[in-house]
Amino acid sequence: MPTRVVDVGSPADFPLGSITPVDVDGSPLLLVHVAAGLFAIDASCTHEEFDLAGAMLEDCSIVCPMHLSRFDLASGAVLDPPAERPLATYPVSIVGDRVTIGPDRREQMP
């Protein structure tokens, strides 16, 4: 979990429709770019810890390819089971020509 603001690249590094793995202070995260914006989430599904880098995007949600759990990118909320716990999400900012993540995990509702 990032404890500080971390520069992860240029906006051009994250094209629309991309799911890009990034390492933030030793934590594997994904930076996801959809029409609604850029979102940073944990890289593993909360159901079986499956890697979400190969997931599918649906509007402002991500679908785990293993068991099709679907999560809201903005809140991390579970939209479709079998997952029961939300994904952690992190604040993303564009400052000048740089994309930053952090500093803290957003609080999630169970």
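Contact here means heavy atoms within 4.5 Å. Keep that cut-off in mind as you click around this predicted model.

**Start with the whole chain**

Show everything as a cartoon and colour by secondary structure. You should find eleven strands and zero helices, so read along the sequence the pattern is simply β-β-β-β-β-β-β-β-β-β-β. The chain is as compact as a globular protein of its length, because its radius of gyration of 13 Å is close to the 13 Å that the globule rule gives for 110 residues. Turn the C-alpha trace along its principal axes and it spans about 40 × 25 × 20 Å.

**Switch on the surface**

About 5700 Å² is exposed, with carbon and sulfur atoms supplying 54% of that area. Of the 110 residues, 43% count as buried. Now colour the charged side chains: there are 6 positive and 16 negative ones, and the centres of the two sets lie 4 Å apart.

**Go inside: the largest core**

Hide the surface and select Leu30, Val32, Ile41, Leu52, Ile62 and Leu73. These have the most contacts inside the largest nonpolar core, a set of 16 residues. Next, highlight strand S3 (27-34) and strand S4 (37-42), each of which supplies at least two residues of this core. The largest share, three residues, comes from S3. Then look for another core lying apart from this one: it has 14 residues, among them Val22, Val24, Leu29 and Ala40. In soluble globular proteins, nonpolar side chains tend to be buried together.

**Zoom in on Leu73**

Which residues does Leu73 touch, not counting those up to four places away in sequence? Pick out Val32, Val34, Phe39, Ile41, Leu57, Cys60, Ser61, Ile62 and Thr89.

**Last stop: Cys45**

Select Cys45, in the loop between S4 and strand S5 (56-58). Is Cys45 buried or exposed? Its relative accessible area is 2%, so Cys45 is buried. Show sticks for the residues that Cys45 touches: leaving aside those up to four places away in sequence, they are Phe50, Leu52, Cys64, Ser69, Phe71 and Leu87. You've already met Leu52, one of the residues with the most contacts inside the largest core. To finish, draw a distance from the C-alpha of Cys45 to that of Gly26: the two atoms are separated by 18 Å, and the residues are 19 apart along the chain.

Before you close the viewer, zoom back out to the full chain. Among contacts between residues at least 6 apart in sequence, 38% join residues at least 24 apart.

How values were computed: Residues are numbered from 1 along each chain as its sequence is written. This is a predicted model: local features need pLDDT of at least 70, side-chain atom pairs count only at pLDDT 80 or more; totals for chains, interfaces and linings use all residues. Side-chain values use heavy atoms; hydrogens and water are left out. A nonpolar core is a set of buried Ala, Val, Leu, Ile, Met, Phe, Trp, Tyr and Cys residues joined through side-chain atoms within 4.5 Å. Buried means under 20% relative accessible area, exposed over 50%, partly exposed in between (1.4 Å probe, protein chains only). Helices (H or I, at least four residues) and strands (E, at least two) are DSSP runs, numbered from the N terminus. The radius of gyration is taken over C-alpha atoms; the globule rule is 2.2 Å times the number of residues to the power 0.38. Accessible areas come from the Shrake-Rupley method with a 1.4 Å probe; for residues, only the protein chains shown count as cover. Lys and Arg count as positive and Asp and Glu as negative; His and the chain ends are not counted. The place of a charge is taken as NZ of Lys, CZ of Arg, CG of Asp or CD of Glu.
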